[in-house]
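Hi there,

Here is the structure I promised to pass on. Have a look at it first, and then read on for what turned up.

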Amino acid sequence: MTWVPEDRAPRHYRGPKTAVRKGLVVVYTGDGKGKTTAALGLTFRALGRGWRVAIVQFIKGRWKTGEAAMAKELAGRVDLFTMGDGFTWVTQSYAQDVASARRAWAKCEELLADERYQVVIFDELCYVLKYNFLSVEEVLEALKRKPAGTHVVLTGRDAPAELIEAADLVTEMREVKHPYQAGIKAQPGIDY
Ligand code: ATP
Ligand code: MG
């Protein structure tokens with residue numbers, strides 16, 4: 001086949017014309033990989049704006065991740081709190097999971113009210129809702145009360161419908177291929 005020099009690029013801008021500054025509620029959900037990665041990419045961008053970012057990681061326990069190590073180096077610019085006790089098959093207790101979700105959520109509410117942070121990320125919050133460790137209503141109430149300029153990012157599979165409804169931006173990661181199916185385990189720098 002020979003290449004034909006035919007213009008297929010859009011040449012007319014069709015987007016919205018008015019620029020409105022608004023703190024967004026962003027949800028990254030779905031069963032494909034990339035939800036936490038997307039939140040961390042957004043963090044990188046926010047940092048470039050001189051913003052301060054807070055991240056609360058639910059579920060994940062104290063095992064070392066690249067993002068936690070980097071956040072340590074960026075202390076005061078990115079403040080990362082790993083609040084989880086670890087995976088549910090490790091904790092084995094609903095009462096304990098509820099208690100630690102509540103503890104993490106109290107931290108989230110505190111960070112959300114703190115206007116020094118332009119971006120706050122509640123990583124894996126959707127799992128906590130799905131497993132019924134925390135009520136969706138409570139989360140929605142807090143989102144309603146958030147400072148107008150603050151951007152909030154929520155991640156995790158199976159975001160509840162009410163959360164999707166309340167959000168401004170929802171992206172569903174769809175799995176097309178994942179190395180896990182080829183028997184390749186999670187890798188540092190890519191997965192954690
Ligand atoms: P990441 O942190 O890599 O962006 P994620 O936040 O989208 O992933 P989680 O549901 O938080 O996904 O799962 C975290 C871990 O599970 C990561 O190690 C990730 O690679 C792995 N994972 C995510 N999606 C899949 C999948 N579809 N199949 C197998 N493993 C997955
Ligand atoms: Mg994740």
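Two strands are said to pair if DSSP finds at least two bridges between them. Please keep in mind that this is a predicted model. With that in hand, S1 and S6 pair in the parallel sense, over 5 bridges. One position to click on is Thr29, which stands opposite Glu172 in S6.

**The sheet**

S1 also pairs with S5, again in the parallel sense, and there 4 bridges join them. Val26 has Val153 of S5 as its bridge partner. These strands belong to an open sheet of 6 strands, in the order S3-S2-S4-S5-S1-S6, with parallel pairing. Which strands form its edges? They are S3 (78–82) and S6 (169–173), each of which pairs on one side only. From one strand to the next, the twist averages 15°. At the S3 edge, strand S2 (residues 53–57) runs parallel to S3 and is joined to it by 5 bridges. Val56 stands opposite Phe81 in S3.

In general, strands of a sheet pair through backbone hydrogen bonds, which can be parallel or antiparallel in arrangement.

**A closer look at S1**

Is S1 buried or exposed? Because 6 of the 6 residues of S1 are buried, this strand is largely enclosed by the rest of the structure. In a regular strand, side chains alternate between the two faces of the sheet. In S1, Val25, Val27 and Thr29 point one way, while Val26, Tyr28 and Gly30 point the other way, and all are buried.

**The magnesium site**

Which protein atoms hold the magnesium ion (ligand 2) as donors? They are OG1 of Thr36 and OE of Glu124, lying 2.0 to 2.2 Å from the ion. This pair links distant parts of the chain, as the two residues are 88 residues apart. Thr36 is in helix H1 (residues 35–48), whereas Glu124 sits in the loop between strand S4 (119–123) and helix H5 (125–130). Both Thr36 and Glu124 are buried.

**The second largest pocket**

If you like looking into pockets, the second largest one has a volume of about 610 Å³. Its lining is made of 21 residues, and Lys22, Leu24, Arg45, Trp51 and His151 lie nearest its centre. By class, the lining of this pocket has 11 nonpolar, 6 polar and 4 charged residues. Where does the largest share of the lining come from? H1 supplies that share, with 4 residues. Strand S1 (25–30) and H1 each supply at least two residues of the lining.

**Two backbone angles to check**

Most residues other than glycine have a negative phi. Asn132 has a positive phi of about 65° although it is not a glycine. You will find Asn132 in the loop between H5 and helix H6 (136–145). Asp158, also a residue other than glycine, has a positive phi near 55°. Asp158 is placed in the loop between strand S5 (151–155) and helix H7 (161–166). Asp158 is partly exposed, with a relative accessible area of 44%; partly exposed here covers values between the 20% limit for buried and the 50% limit for exposed.

Happy browsing, and all the best!

Definitions and conventions: Residues are numbered from 1 along each chain as its sequence is written. Chains are lettered from A and ligands numbered from 1 in the order in which they are written. This is a predicted model: local features need pLDDT of at least 70, side-chain atom pairs count only at pLDDT 80 or more; totals for chains, interfaces and linings use all residues. Side-chain values use heavy atoms; hydrogens and water are left out. Axes are lines fitted to C-alpha atoms, for helices over the stretch in contact, and angles run from 0 to 180 degrees between N-to-C directions. Donors are N, O and S atoms within 2.8 Å of the metal (3.2 Å for Na, K and Ca); water is not among the atoms, so sites may look incomplete. Buried means under 20% relative accessible area, exposed over 50%, partly exposed in between (1.4 Å probe, protein chains only). On a 1 Å grid over the protein atoms alone, a cavity is a set of points where a 1.4 Å probe fits but cannot get out, and a pocket is an open set with protein on both sides within 12 Å along at least five of seven lines; lining residues have an atom within 4 Å of a point. Grid points are joined across faces, edges and corners, and a volume is the space filled by probe spheres set on the points. Ala, Val, Leu, Ile, Met, Phe, Trp, Tyr, Cys and Pro count as nonpolar, Asp, Glu, Lys and Arg as charged, and the others, Gly among them, as polar.
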